[in-house]
Amino acid sequence: MNIRITPGPLEGTITPPPSKSIAHRALIAAALSGGFSVLKNLAPSRDIQATTACLRAMGAYFEELEGGGVRVHGLGSSIPQHREPWLVQFDCGESGSTLRFLIPVVLVVQGGGIFTGRGRLMERPQKPYFDIFDEKRIFYEQKDGALTIQGELKPGEYRLPGNVSSQFVTGLLYALPLMERESQIVLTSPLESRGYVDMTLDVLKDFGITIENQNYARFIVPGDQWCAARDCAVEADWSQAAFWMAAGSLGNPVLTTGLNDHSVQGDRVIDEHFASFAWGMGRTVEIDVSDCPDLVPPLAVMAAFHDGTTRLVNAARLRLKESDRLDTVTKMLTALGGRVEEGSDCLVIPGTRFLNGGTVDGANDHRIVMAAAIAATRCTGPVTILGAEAVNKSYPDFWEEYKRLGGKFDVL
């Protein structure tokens, strides 16, 4: 689906959708619990659908409720009985969280499985797991767009780097409590995206799992723990709120509401970065995005209109997202008439008052599409976005909300 936006202001009040990151984690915890859990305020994005489908393939049961909720009948202590004599296939769609969170969980629950996906998903690196599998003598094979794993995770020490993706840490934090004895996760390099690990620890604590965090360098995980069934509601998503906050920074009177100001979501830092643009008028602003990589597209849009130069640094991991986001953010702003200097792990963006408009390749990346739509509000000419349906990955209602706020566009 291609969309042509006629530039104009957005105005109104908006509540972002439920946090996709928290929803992934809560669904997995509920599936690993015994009994019934009710999760309210879930948004049916493609990534969440992928996680639900994979958990269903493991043997968990889901009943959709009115109002966007779901009742989950977890596996609980019957997990060993759910192992099948064959390898089950798990379609992770385009969701990196689904894939990386569930790889170790599937080893514990079913002794292995076959993981598939779409887009760039199966090209994204899994080396931290592969190094563990080599050490633990767990079979893995990646070919023809599928990853096959088979073997047994055992209690012990698990070493992995912290500067690749916190998703590997999260996957182990879900799997290791199911072991019969204590295990440890040891990080061999400083942990980036700590906020996402905090989110994992917070959700697991809510579901009754005890884990000792030793300054993000070592995690002590007691064994023989099972998630306790519970009811909860998923809070609003700060990473999606960032796009509407970016709209506000461009002069659109958009008020974002319904956010938890005390959230453990790492992307809550958008509040601080928003302020840095306000006091940095006419100056060079440098933002370290190592702990908030998903904020780069909306931050880049803010930077494009900032009175000064912005440096977004420590962003190398963005090359391994749904698109190479350092490249696609650069191409997006350049296509609209902006200037960007792309480095190996950074973007340098001199600000301007307006952009010209033009045609943006959405690159099958939801965050690039949403960033282009917000940038369009300050363009002097129409903006065409190719592949605008990519928002369905995380924010299916984005275009409906954009229109409700006064955005004008035509579907081509």
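A residue counts as buried when its relative accessible area is under 20%, as exposed when that area is over 50%, and as partly exposed in between. By this standard Trp399 is buried, because its relative accessible area is 8%. The structure described here is a predicted model. This briefing covers its aromatic residues, its strand pairing, its cysteines and one residue of helix H8.

**Aromatic residues**

- Across the whole structure, a search finds 13 aromatic pairs.
- One of them joins Trp399 and Tyr402, whose ring centres are 5.5 Å apart. The planes of these two rings stand at 75°, and the pair is therefore edge-to-face.
- Both residues belong to helix H12, which covers residues 398–404. Trp399 and Tyr402 are separated by about one helical turn, because they lie 3 residues apart in that helix.
- Tyr402 is buried, with a relative accessible area of 1%; for Trp399, also buried, the value is 8%.
- Ring pairs link Trp399 and Tyr402 into a cluster together with Trp244, Tyr395, Phe398 and Phe409.

**Charged groups over rings**

- Lys136 lies over the face of Tyr158, at 4.4 Å from the centre of the ring.
- The ring of Phe354 has the charged end of Arg378 over it, 5.2 Å from the ring centre.

**Strands around S23**

- Strands of a sheet pair through backbone hydrogen bonds, in either a parallel or an antiparallel sense.
- Strand S23 (residues 383–386) pairs with strand S1 (residues 3–6) in the antiparallel sense, over 3 bridges. In this pairing Arg4 stands opposite Thr384 of S23.
- Strand S22 (residues 358–361) runs parallel to S23, and 4 bridges join the two. Here Asp361 stands opposite Leu386 of S23.
- Helix H11 (residues 366–375) forms a β-α-β unit with S22 and S23, and this unit is right-handed.

**The four-stranded open sheet**

- An open sheet of 4 strands follows the order S11-S12-S14-S13, and its pairing is mixed.
- Its edge strands are S11 (157–160) and S13 (212–214), each of which pairs on one side only.
- From one strand to the next, the twist averages 15°.
- S13 is joined to strand S14 (residues 218–221) by 3 bridges in the antiparallel sense. Within this pairing Glu212 stands opposite Ile220 of S14.
- Tyr158, the residue whose ring face has Lys136 over it, falls within the residue range of edge strand S11 (157–160).

**Cysteines**

- A disulfide is a covalent bond between the sulfur atoms of two cysteines.
- The count for this structure comes to 0 disulfides, with 2.5 Å as the limit between the two sulfur atoms.
- Cys292 is in no disulfide, and the cysteine sulfur nearest to it, that of Cys346, is 15 Å away.
- Cys292 is nevertheless buried, with a relative accessible area of 2%. Cys379 also counts as buried, at 7% relative accessibility.

**Asp271 in helix H8**

- Helix H8 comprises residues 270–279, and Asp271 is found in it.
- Asp271 is partly exposed, because its relative accessible area of 38% lies between the limits of 20% and 50%.
- Asp271 and Asn356 are 85 residues apart along the chain, and their C-alpha atoms are separated by 28 Å.

Conventions
Residues numbered from 1 in each chain as written. Predicted model: local features only at pLDDT ≥ 70, side-chain atom pairs only at ≥ 80, totals over all residues. Heavy atoms only, no water. Buried < 20%, exposed > 50% of the residue type's maximum accessible area, 1.4 Å probe, protein only. Pairing = 2+ DSSP bridges. Right-handed = clockwise from strand over helix to strand, strands pointing away. Phe/Tyr/Trp six-rings, centres within 6.5 Å; stacked < 30°, edge-to-face > 60°. Lys NZ or Arg CZ within 6 Å of the ring centre and 35° of its normal. Axes fitted to C-alpha atoms, helices over the stretch in contact; angles between N-to-C directions.
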